[in-house]
Each structure stands twice: as C-alpha cells, then as structure tokens.
Amino acid sequence: MTWLPEIDELHRREDLARQMGGAEKVAKHHAQGRLAVRERINLLLDADTFHETGALAGKATYEGGKLTAFQPANFVLGTGKIEGRKVVVAGDDFTVRGGAADAAIMGKQVYAEKMAHDLLLPLVRLVDGTGGGGSVKSLDDMGYTYVPYNPGWDYVVANLGRVPVVAAALGSTAGLGAARLAAAHFSIMVAQTSQLFVAGPPVVRYGMGQDLSKEELGGVAVHRSSGAVDNIASSEEDAFRQIRRFLSYLPRSAWELPPMNATSEDDPGRREESLLSAIPRNRRRVYKIRPILDAIFDAGSVFEMGREVGGATVTAFARLDGCSVGVLAPDPYVGGGGLSALGADKLARFVDLCGTFHLPVVNLVDQPGLVIGLDAERGGAIRHGVRAIAAVYQARIPMVEVILRRVFGVGGAGMTNAHGLNLRYAWPSGDWGSLPVEGGIEVAFRRDLEASDDPAGMREEILARMEGVRSPFRTAEAFGIEEIIDPRDTRPLLCEWVHDAYRLLPSLLGPWSHAMRP
Amino acid sequence: MEIKADLNGTVFKVLVREGDATASGDEVMILESMKMEIPVEAPAAGRVTRVLVKPGDSIVDGQVLLEIDPT
C-alpha cells in the first residue's frame, strides 16, 4: 500500500495549474505580443531550474466530491537559477482574470517576498496588470469594503536593504502592480506592450478630465525620462537579458561580496592612446563620454542604468579586472553636464544601491556644478543637489575620483566622500576652482575694470595671469591635488585600485545603517 | 519633423539654412549652456524647411529650433 494514488493526483493538479487561464486566453495574450507567465519564467531562468511553490493554489470546482475544474491563482512563484545563482521569481498571470485581486491568492505574493527575505535570495518580480490590486467587483462579492493595506509591504521595504530586487512591467501596470514595479532596485518596462501609471485612462478621465490612451498616459515615451523606471527594454526577451545582466554585477545579498571573478580577457594593463586626446583643449567643446568608459573598463562590461533620466549624469555598472564596480560619469552633451534635480536623485539612488551591496565606486568627474537658472530654481535644485552629496558622504564604500576636467562649486566639491579608500587622481585637463575664471573676473575685479582707461586690455591681462594660476600643476605644488596622471594610465591604475578596494569590503559587509528607499 | 532643444540656454551657432540637405547625424546647430558648446544633430536625413532661431536667442527645453522634411 503506497501513496501513489495521491502522487498521481498531485501531478494531475499540477498539469491543470500549468494550463494557466486556458489555451484560448493564452492565445489572446500571445496575439498582443506578450508571453504567458510560465514562458517568461522559463526564458528568464537557466534551463530546467524552476522549482515552483504553491502550484496547487487556486479555485477548485467539485462535483460529487471529485475535482472537475481548477482555476489556478493568477500568480506563479518559485525559485530558479540565473547564471547558476538561485533567485526567487514571482510573476503575475494575466491570462487568469487579468491579474486582479479577486482571483489572486494574496498569500502567494507575500510568500515570495518572505522567501527572498528569509532565505536571502535576489527577487525578480514579473509584473503584469494590477498585480493583485483590488477591484470594485470583489468588494461587491465580499459585501463590504476594507481599509486598504499593501500586502507584504514590510518585507518589500526590508528586502531593499537585504537582497537585489528587480521588477519588470510586462503589460499594463497600475495601482499595486505599479507600486511593486517601482519598489525595486532596478525597474524595467517593455516598449509598446507595457505601460505604467498610478491609475489608468478610465480613472484619469473620470477624476482629472484628461482623455489619454494607455500609451499616452504611461507608455515608454512618458517613462523613459520620468525617473519612475530605470531602463526600457525593446522586447520581453531584452527585458530578461537586462535583468540577468543587472544581477550579474551584484552579490546575492548585502552579506556577500560582489562578484569579483568574472573572466576577463581584457588586459588590466591596457593603455588607450585615445584617452590622451579625449578631452578637447578648447574648454567650451564637449566630448563623448562612452568611448572613454570603454577605454577604461573591461571590454563590454559597461551596463548603464537610467541613461535617459537626468542624462547629464551617467550611472552604470562595469568591471575592472573582472571585479564589479559602480561608475559615475558626466555626459557633457546633455545640457553641458550640469547636475539637474533628476540627475541628482538618480545619482543618490545609485550611490545608495552601490552602498547597499558594497560595490566600490569609480567617480569620473567633470562637473560644472548644479544646473542654474529659473527652471532649476523652481525645481528646488539645491535641495536635490545636497541630497545627492549627502548620499555620497553616507556611502561607506571605497570610492575613487578621477578628475577628467571641471570641478566647480558645491556640486563639484560634493563628489567625494569622507570614508574608505578615498583616492583622487586628475588628468592634465583638470580645471577647477570655486568659481570659473570666466565670469568670475567681472565680479572680482569690477571696480578695477570700471576705473581703468582700457578695461578690455586689463581684462586680457588678468585672464592671462589667471591662466597660469589655474594650471593643475600649481594646485599640485600646494598638494591640493595628490596625483596628476597620464590619462592612458587610468585603466592600469584603476585595475590596481579595485583589488585594494575589494580587500576592504569584508569588513563592511552586512546591512547598512541606512536601508535604501525606492 | 521638429528638432527641439533639450536644455535651457542660448543659440551659439546656426550651421544650416532653409533648403540645405542634411544627413542623419549632421550637426545643424550649436547651443550653449553651462558655458559649453553643445551640438544639435539631425536625427534623420532630409531637407531643412524652417530655421526658427538665430545666434544669441535664449531658448528653453522643448523649444522647436528647426524643422526638417525627412527624405
């Protein structure tokens, strides 16, 4: 006498669960250019590594004591591997009642968060629909309303300080679904097949009188630069690639070292000639930052987050001699490279992320300061700016500063933190001061210029004198800058630094006093 | 096709005239912001139909600078 009949029943029910919303609903989903949740999980994870929890949860129909029909809960969760490392994956099933709460087994959603929390595993949320948010119909069925709460939110918030959390919007994402998308370290949405909004077009039409389609209200055209999400994917497959890539730079939890053994065939001693002329001699000319990043970091290792959000500041992951690092860099093509409010928020968030997971940070500085002018003031520029600087100061991770060009003002000064291995190098193109000389002369020498017979000539004379004063060599004489380097030596120097930085990390592991906010 | 400014600043140089042909990526204008000269590139090949600003003009984020008829 064995339990084989029950095992057969188990397999039967698991097969029913695998049908999701049924062949017809799945086909309709496909016709919209979207994959079904189980297909998404399979594509995301390493082959054959998915181990499901809660497959049997759902609404069963019995006739005469026998199971005749089964609608699975619209949420699939379990563990699996990504590049051989275990993660928790949790996906909404849009083919079962559009992902709404009345079909959800809320416990499963909370369980996914709890699993990631208690087992210290990275979490990937594949969000599609309202992600378990309420509907008026379910209130009607229940016969009462309830004071809302966000389920499992204690775990959601705590997880941000414990394990990497990634969320992807793979359909129309609103309400609680939108919240679960945004409350992550890395949020991504898919162009054309996904939208993100607090509330969708019908509610917006009714409540705000705005008549907008889903795409107009919350498509990628809105969100590529809004700051609500980090990256845009061109397809669901691209989204899974980016998720896998993001996770490859991070440890599995805040208690583990970041990955440092990525196989790199890129010679740590590589000296790129292009770096010697990368910064134009004409101070007003801009340059492309991304070729500079490629010349410094391991080939193909640069992965940007939020490229189009506050684009004057580049935040990216990269590797040096196989070791993961965070990278901050300027893009002078975007508004001259000044730090905007959105850029400052992105920078603070990124520094917090590196601090949480103990990634050493390389800060390539060309910073004219915070963006100025009326629009900037209206946006509270200085408040956002000092918050970013506070994030840099609170980061308890090694940071190295390589000054490419400008360091001016409060913004420039704030780019270096007070703790850890805080080395600083300058390229000969370094150009710094509390105020730039141009414009500064008019202010400082106003009386002399007004009193002079030849103000233009006097101005030229002062400018020539200041040209000498502003040379980085003068600063070095006063030990105001520790080292000026040949730009071609940047990569070998940083490949050496990264190993020094990684030596410090074991003593920094564990949760940060300051857990990350979304 | 409208080419819009993506920053607040001024127009430093206008490099095309109405009627000029452009290739994708050509610099059509140079703006100035935060003391930097920032090039504006044509996003597509085409012909310049209207130039709406001149050097020295103050411009804002989102303002249309010129129009191109893509080929």
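The following exchange concerns the spaces in this predicted model.

Me: What makes the space of about 110 Å³ a cavity?
Reply: A space is called a cavity when a 1.4 Å probe fits but cannot get out. The largest cavity, with about 110 Å³ of space, is therefore one that such a probe cannot leave. The structure holds one cavity of 30 Å³ or more.

Me: Why is Met415(A) called a lining residue of the largest cavity?
Reply: A lining residue has an atom within 4 Å of a point of the space. Met415(A) is among the 14 residues that line the largest cavity, so Met415(A) has an atom within that cut-off. Ala329(A), Pro330(A), Leu364(A) and Gln367(A) are also listed among those nearest the centre.

Me: Which element gives the largest share of the lining of the largest cavity?
Reply: E14(A) gives five residues, the largest share. By class, this lining has nine nonpolar, four polar and one charged residues.

Me: Why is the space of about 1100 Å³ called a pocket?
Reply: A pocket is an open set of points with protein on both sides within 12 Å along at least five of seven lines. The largest pocket holds about 1100 Å³ of space, and the name pocket therefore marks this space as open.

Me: How do you know that both chain A and chain B line the largest pocket?
Reply: Of its 37 lining residues, the closest to the centre include Val334(A) and Ser340(A), together with Asp6(B), Leu7(B) and Asp61(B). H14(A) gives the most to this lining, with three residues.

Me: How many residues of the lining of the largest pocket are charged?
Reply: Ten are charged, beside 14 nonpolar and 13 polar. Asp counts as charged, so Asp6(B) and Asp61(B) belong to that class.

Terms used. Residues are numbered from 1 along each chain as its sequence is written. Chains are lettered from A and ligands numbered from 1 in the order in which they are written. This is a predicted model: local features need pLDDT of at least 70, side-chain atom pairs count only at pLDDT 80 or more; totals for chains, interfaces and linings use all residues. Side-chain values use heavy atoms; hydrogens and water are left out. Grid points are joined across faces, edges and corners, and a volume is the space filled by probe spheres set on the points. Helices (H or I, at least four residues) and strands (E, at least two) are DSSP runs, numbered from the N terminus.
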